[in-house]
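Grab a pencil and work through these exercises with the model open beside you. Try each task yourself before you read its solution.

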Amino acid sequence: MRSFLLKRLPSGLLVLLLASFVVFLILRLIPGDPATTLAGPDAGPQAVAAIRAQLGLDEPLLTQYLHWLGALLTGDLGRSYAIGGQVAELIGDGIGATVQLTAAALLLVVLLALPLGVLGATAERRPVAAAVRAFTTAVLAVPPFVTGVLLVLLFAVTLGLLPAGGHESLLDAPDLALQYLLLPAVCLALPSAAVLARYLKDGIERALAEDYVRTATAAGVSRRRIVWRHALPNALPSAVTVLGLQIGHLVAGAVLVERIFAWPGLGQLVEQGVLRRDYPVVQALLLLTVAGYVAVQLLTDLVYAWLDPRIRWE
Amino acid sequence: MTALTAPAPARPARAAVRNRYLAGLLTARGLTGLALVGTVALAGLLAPLLTGHDPNAQGPLALAGPSAAHPLGTDDLGRDLLSRVLHGITTDLALTFGAVPAGALLGCSLALLAATHRWADTAVQRLFDLVLAFPGLILALAVTAVLGPGRWPVFIVIALAEIPLFGRQLRSGILVQREREYALAARVGGASRARVLLRHVLPNAVDPLIVQSAVALSVGVFIEGAMSFLGLGVRPPEPTLGSILSQSVGYLATHPTFAAAPLAATTALVLGFTLIAEALNRGIRR
């Protein structure tokens, strides 16, 4: 396992380095610069120049990049230009809630996709299979903001079962926190669950057509055991790859879902950072996303290798 | 959006192809899709006839319920909701029907370029990977960070997101068709590489693209809405389905009717496009 990691880590780090450069460069190519925005409309050129010098914006691009990278390696994400405060603190304030939401959604994705996939592949009666298909199609087609509004209208406004939006600390009031978490997590999880369920269904159907399934059936193994012990494990590795890719969508989707349910995560910071040209904030957020993406890919490879004994660690 | 189709096998005559598209559309699934999209699109196009209100004119009655003057009520600024939703439909459709062909054309051109040389293929593939590596929303953030919010950034994000999807579909189609006997026969018969590619291979590889177009249109409506929700979309006061819906979220508890019309129009559009895509997909597979 160590050699596996040793082989994969460098390429992951290289992607990260490359991404840091691209992220840095893209933001510098933007017309308009934050010093002018910060100085305000009435400031003279001298005031703007002073702010530029103070922020280090008058240095050559490469020098700026190396400074930023050096600070990054020591854990210093810099100060926000427009919002105010340390970028690390701003991100620290929101990341807990976003991670909580994404993790809950990820759990729901697996919990929903497994039974849906198995049911879709093995349903003996046509209506059941058709219902599973219709459900996954609809959930995939309808954007999460539509699902979100529908969920609020149904469960919060009409039935009054769950709060329409907001957030409660998981440590202070766990039961209340779960109530607040449920709707946004379901809304975020549904599209990814549908994708995963479809891949699982296809994988299980393919596995059920294999010779070893016929052999097992001939040997008198029960249908249930064949599906859960033989077909499903063979469908899992490729499903894990899909799940890994879906995590990227979950994180991006979280930003959107947070807006609908007034969830105090990173979504607000992303929007403010982009609209107010806050380089350090946007840089850090984009890089964080790429880092998360690389980490998830690495993790996916590890799980894949663990699930599929044919893949060697070496 | 995952690929819905596998590269199709060799095609017979062209007349038969047209019939297979039609046969696909003339099923319950296809007709439902056409009816949904058609109704919404027609309502949008007939907006000037259906309502006399200016979608951006503010009135004294904020958040009013349905009445004779305002059939769907008014929004939080007293603007006529029916007029806003109808004009929002037009904005959404103009954006997607403009951006999707642009993205499709670029993606297909790149796929054709990739078919000319091994190096070109590698370069184009990496380019597609690069765009795909950005989840849609991150792409939206990056583009808006550069251009600021507005109509064109939405257009560009939709087009950019579609480039690799169309490009990859066509590339895999070309790879399959190019190795078939008829293509080899044309080459042996003395046709140039370009002629074989454009006259023989390309027409046989477009089936999945037709399906992809319908999927792409629903993705376009999706992207417009998502960007509006994040405040990165078409600038107010111009109405879009996404912006009206995102406005209504603040009033769900007190004025649930505010959300009803944009919700219905958006759902009808995306579901309609998806049903059409599925119907076409079934049609070309038979």
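**Exercise 1: a helix of chain A with partners in both chains**

The buried residues of α6(A) pack against α5 (87-122) and α8 (174-208) of chain A, together with α10 and α12 of chain B. Before going on, some ground rules: residues are numbered from 1 along each chain as its sequence is written, and chains are lettered from A and ligands numbered from 1 in the order in which they are written. This is a predicted model, where local features need pLDDT of at least 70, side-chain atom pairs count only at pLDDT 80 or more, and totals for chains, interfaces and linings use all residues.

Task: find which residues of α6(A) are buried, and check the reach of helix α6 of chain A from its first C-alpha to its last.

Solution.
- Step 1. Helices (H or I, at least four residues) and strands (E, at least two) are DSSP runs, numbered from the N terminus.
- Step 2. A residue is buried if 20 or more other C-beta atoms lie within 10 Å of its own, exposed if 12 or fewer, and partly exposed in between, with C-beta atoms placed from the backbone. In α6(A), the buried ones are A:Val132, A:Thr136, A:Val139, A:Leu140 and A:Ala141.
- Step 3. The expected span of a helix is 1.5 Å times one less than its number of residues. Helix α6 of chain A (residues 126-141) has 16 residues and reaches 22 Å, close to the 22 Å expected.

**Exercise 2: the contact between the chains**

Task: work out which helix of chain B gives the largest share of the side that touches chain A.

Solution.
- Step 1. Two residues are in contact if their C-beta atoms, placed from the backbone, lie within 7 Å. Chain B puts 30 residues into the contact, and chain A puts in 30 residues.
- Step 2. On chain B's side, α6 (136-147), α10 (207-229) and α12 (257-285) each supply at least two residues.
- Step 3. The largest share, 8 residues, comes from α6(B).
- Step 4. Now sort that side of chain B by class: there are 21 nonpolar, 9 polar and no charged residues. Ala, Val, Leu, Ile, Met, Phe, Trp, Tyr, Cys and Pro count as nonpolar, Asp, Glu, Lys and Arg as charged, and the others, Gly among them, as polar.

**Exercise 3: a look at α6(B)**

Task: is α6(B) mostly covered or uncovered?

Solution.
- Step 1. Count: 10 of the 12 residues of α6(B) are buried, so the helix is mostly covered. Among them are B:Gly136, B:Leu139 and B:Thr144.
- Step 2. Find the partners. The buried residues of α6(B) pack against α1 (2-28), α10 (223-260), α11 (267-275) and α12 (279-307) of chain A, and against α7 (151-178) and α10 of chain B.
- Step 3. Check the span: at 1.5 Å a residue, 16 Å is expected for the 12 residues of α6(B), and the end C-alpha atoms are 16 Å apart, which agrees.
- Step 4. Step past the end: B:Gly148 follows α6(B), and its phi is positive, near 80°.

**Exercise 4: two helix pairs**

Task: at what angle does α4(B) cross α7(B), and at what angle does α9(A) pack with α10(A)?

Solution.
- Step 1. Axes are lines fitted to C-alpha atoms, for helices over the stretch in contact, and angles run from 0 to 180 degrees between N-to-C directions.
- Step 2. The axes of α4 (residues 81-114) of chain B and α7(B) come within 6 Å and cross at roughly 40°. That makes α4(B) oblique to α7(B). Angles under 35 degrees count as roughly parallel, over 145 as roughly antiparallel, 65 to 115 as roughly perpendicular and the rest as oblique.
- Step 3. Helix α9 (residues 211-218) of chain A and α10(A) pack at about 150°, with axes 11 Å apart. That makes α9(A) roughly antiparallel to α10(A).
- Step 4. Zoom in on the second pair: A:Tyr212, A:Val213, A:Ala216 and A:Thr217 in α9(A) meet A:Ile226, A:His230 and A:Ala231 in α10(A). By class, this contact has 5 nonpolar, 2 polar and no charged residues.

**Exercise 5: unusual backbone spots**

Task: which residues does a cis peptide bond join, and where is A:Ala262 found?

Solution.
- Step 1. Most residues other than glycine have a negative phi, and most peptide bonds are trans.
- Step 2. The cis bond joins B:Pro236 and B:Pro237, with omega about 10°. B:Pro237 is in the loop between α10 and α11 (241-248) of chain B.
- Step 3. A:Ala262 is not a glycine, yet its phi is positive, about 50°. A:Ala262 sits in the loop between α10 and α11 of chain A, and is partly exposed, with 17 other C-beta atoms within 10 Å.
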